[in-house]
Amino acid sequence: MARLITAHLAGRAVPVELLHGGTPVPERERMVDRFQGGATPVLVLSLKAAGTGLNLTRAGHVVHFDRWWNPAVEEQATDRAYRIGQTQPVQVHRLITEGTVEDRIAEMLQAKRALADAILGSGESALTELTDRELSDLVRLRREA
């Protein structure tokens, strides 16, 4: 998908580069420098590459596509734009096609986040404040159609 997006933008004369896990370190550093310097306005990154040691303070938009099962991986990639030195607001966009596996992943992640917020939103002590019935419902296996 990253290659398709890169080709689409390049075909419309938008300067773009693709950084992925197989990008050699020296080229990766050059790509980041070109992006940070403004020579390349769009930097497409694989999620794995975006989650490792980047500092992209020039990023004004982060667009996620092909959602990941683990929300922490996606959040770590988003955090690359929220580094020390960031001087502008960052907008995060998630592209999800209805009815696809990504749509179901998004629903699952939203439910996980809501559950975590309900339990840990007030700190870890919130778990101890659940009633016996709420705690039982939390850990009970159930079938849903």
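Which residues is arginine 34 in contact with, leaving aside its neighbours within four places in sequence? In this predicted model, the residues in question are Glu17, Glu27, Ala39 and Thr40. Arginine 34 itself belongs to helix α2, which covers residues 25–37, and with a relative accessible area of 29% it is classed as partly exposed, because that value falls between the 20% limit for buried residues and the 50% limit for exposed ones. A separation on another scale is given by arginine 34 and threonine 128, which are 94 residues apart in sequence and whose C-alpha atoms lie 51 Å apart in space.

The overall architecture gives the setting for these local details. Seven helices and four strands are found in the protein, and when they are read along the sequence they follow the pattern α-β-α-β-α-β-α-β-α-α-α. The radius of gyration is 19 Å, well over the 15 Å that the globule rule gives for 145 residues, and the protein is therefore more spread out than a compact globule. Taken along the principal axes, the box filled by the C-alpha atoms is roughly 60 × 35 × 25 Å. Of the 145 residues in the protein, 28% are buried, while the accessible surface comes to about 9900 Å², with carbon and sulfur atoms accounting for 55% of it. Among the contacts between residues at least 6 apart in sequence, 59% join residues that are at least 24 apart.

The largest pocket holds about 740 Å³ of space. Its lining is made up of 31 residues, of which Leu43, Val44, Leu45, Val63 and Phe65 are the closest to the centre of the pocket. Two or more lining residues are given by each of the elements α1 (2–10), β2 (42–45), α3 (47–50), β3 (61–64) and α4 (71–79). By residue class, the lining of the largest pocket divides into 21 nonpolar, five polar and five charged residues.

Helix α1, one of the elements that contribute to this lining, contains two residues that can be set side by side. Threonine 6 is placed in helix α1, and at 14% relative accessibility it counts as buried, since the value is under 20%. When its neighbours within four places in sequence are left aside, threonine 6 is in contact with Val16, Leu18 and Val44; Val44 is also among the residues closest to the centre of the largest pocket. Alanine 7 lies in helix α1 as well, but at 51% relative accessibility it counts as exposed, because that value is over 50%. Between alanine 7 and arginine 113 there are 34 Å from C-alpha to C-alpha, with the two residues 106 apart in sequence.

The loop between α1 and β1 (16–19) contains alanine 13, a residue whose backbone departs from the common pattern. Most residues other than glycine have a negative phi, whereas phi of alanine 13 is near 65 degrees, a positive value in a residue other than glycine. Alanine 13 is also exposed, with a relative accessible area of 67%.

Two further buried residues show what surrounds such positions in other helices. Alanine 49 lies in helix α3, another element that gives residues to the lining of the largest pocket, and its relative accessibility of 3% is the reason why it counts as buried. Not counting residues up to four places away in sequence, alanine 49 touches Leu19, His20, Gly21, Arg28 and Leu54. The C-alpha atoms of alanine 49 and arginine 12, which are 37 residues apart along the chain, are separated by 25 Å.

Leucine 109 is located in helix α5, made up of residues 101–120, and is buried, with a relative accessible area of 3%. With neighbours within four places in sequence left aside, the contacts of leucine 109 are Arg67, Trp68, Trp69 and Pro71. One of these partners, tryptophan 68, is 41 residues away from leucine 109 along the chain, and the C-alpha atoms of the two are separated by 9.2 Å.

Methods:
Residues are numbered from 1 along each chain as its sequence is written. This is a predicted model: local features need pLDDT of at least 70, side-chain atom pairs count only at pLDDT 80 or more; totals for chains, interfaces and linings use all residues. Side-chain values use heavy atoms; hydrogens and water are left out. On a 1 Å grid over the protein atoms alone, a cavity is a set of points where a 1.4 Å probe fits but cannot get out, and a pocket is an open set with protein on both sides within 12 Å along at least five of seven lines; lining residues have an atom within 4 Å of a point. Grid points are joined across faces, edges and corners, and a volume is the space filled by probe spheres set on the points. Ala, Val, Leu, Ile, Met, Phe, Trp, Tyr, Cys and Pro count as nonpolar, Asp, Glu, Lys and Arg as charged, and the others, Gly among them, as polar. Buried means under 20% relative accessible area, exposed over 50%, partly exposed in between (1.4 Å probe, protein chains only). Contact means heavy atoms within 4.5 Å. The radius of gyration is taken over C-alpha atoms; the globule rule is 2.2 Å times the number of residues to the power 0.38. Accessible areas come from the Shrake-Rupley method with a 1.4 Å probe; for residues, only the protein chains shown count as cover.
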